[in-house]
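The exercises below ask the reader to work through helix packing, burial and ring geometry, each with a solution set out in steps. Please look at the sequence and the model before starting.

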Amino acid sequence: MLMKLILLFTVVPLVELAILFKLNAYIGFFSTIGIVVFTGVLGAYLAKSQGREILFRIRYEMQDGRLPGDQLINGLCVLVGGAMLLTPGILTDIVGFTLVIPVTRELVKGFVKKKLQKMVDEGNVNFYFRW
């Protein structure tokens, strides 16, 4: 797990930097900076609006006496997607928009549910309660 994180935090920024340099060569410095700033602002706005909507749905489901499992996964996706959108880079923006936009988030949510179910079935998930 540690090796995967090291690779993630070293390889991804290098790839993002290479893409931004290539983009700079094609469209220019200020256009590249403009894209990075625009996607950051748009991503922050989308993450905030989607986050509010998800919080509203969580409250509604809890008041209705239901567990908000789907909405918690939605919230996780929006949180991670928002962080990705605030990170400068083209690849992280693509992943971030995929996680924040509701239509594409549904595809990711299905994958996350299957992965969590598999972990529970294999006994790789432990629940701890503190009183």
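**Exercise 1. Determine which residues R105 touches, and state where R105 lies and whether it is buried or exposed.**

Solution. With contact meaning heavy atoms within 4.5 Å, and not counting residues up to four places away in sequence, R105 touches Q50, I54, N74, C77, V78, T98, L99 and V100. This is a predicted model, in which local features need pLDDT of at least 70 and side-chain atom pairs count only at pLDDT 80 or more, whereas totals for chains, interfaces and linings use all residues. Residues are numbered from 1 along each chain as its sequence is written, and side-chain values use heavy atoms, with hydrogens and water left out.

The next step is to place the residue: R105 belongs to helix 5, where helices are DSSP runs (H or I, at least four residues) and are numbered from the N terminus. Burial follows from relative accessible area (buried under 20%, exposed over 50%, partly exposed in between, with a 1.4 Å probe and protein chains only), and R105, at 2%, counts as buried. Finally, the C-alpha atoms of R105 and I73 are separated by 9.7 Å, although the two residues are 32 apart along the chain.

**Exercise 2. Compare the end-to-end reach of helix 5, helix 3 and helix 2 with the expected spans.**

Solution. The expected span of a helix is 1.5 Å times one less than its number of residues. Helix 5, with 21 residues, reaches 30 Å from its first C-alpha to its last, close to the expected 30 Å; just after this helix, G123 takes a positive phi of about 80 degrees. Helix 3 has 18 residues and a reach of 26 Å, close to the expected 26 Å. For the 35 residues of helix 2 the expected span is 51 Å, which agrees with end C-alpha atoms 51 Å apart, and G65, just after helix 2, has a positive phi of about 85 degrees.

**Exercise 3. Describe the surroundings of Q71, and list the buried residues of helix 3 and of helix 2.**

Solution. Q71 is found in helix 3, which covers residues 69–86, and at 8% relative accessibility Q71 counts as buried. Leaving aside residues up to four places away in sequence, Q71 touches I54, R57, I58 and E61. Of these, R57 lies in helix 2 and is partly exposed at 33% relative accessibility; the C-alpha atoms of R57 and Q71, 14 residues apart along the chain, are 7.0 Å from each other.

Turning to the whole helix, the buried residues of helix 3 are Q71, I73, N74, C77, V78, G81, G82 and L85, and they pack against helix 2 (29–63), helix 4 and helix 5 (102–122). In helix 2, the buried residues are T32, T39, G40, G43, A47, Q50, I54, I58 and E61, and their cover includes helix 1, helix 3, helix 4 and helix 5.

**Exercise 4. Work out how the axes of helix 1 and helix 4 are arranged, and which residues make the contact.**

Solution. Axes are lines fitted to C-alpha atoms, for helices over the stretch in contact, and angles run from 0 to 180 degrees between N-to-C directions. The axes of helix 1 (residues 2–27) and helix 4 (residues 90–100) come within 7 Å and cross at roughly 110 degrees. Helix 1 and helix 4 are therefore roughly perpendicular to each other, given that angles under 35 degrees count as roughly parallel, over 145 as roughly antiparallel, 65 to 115 as roughly perpendicular and the rest as oblique. On helix 1 the contact is made by V12, V15, E16, I19, L20 and L23, and on helix 4 by I90, L91 and T92.

Notes:
Helices (H or I, at least four residues) and strands (E, at least two) are DSSP runs, numbered from the N terminus.
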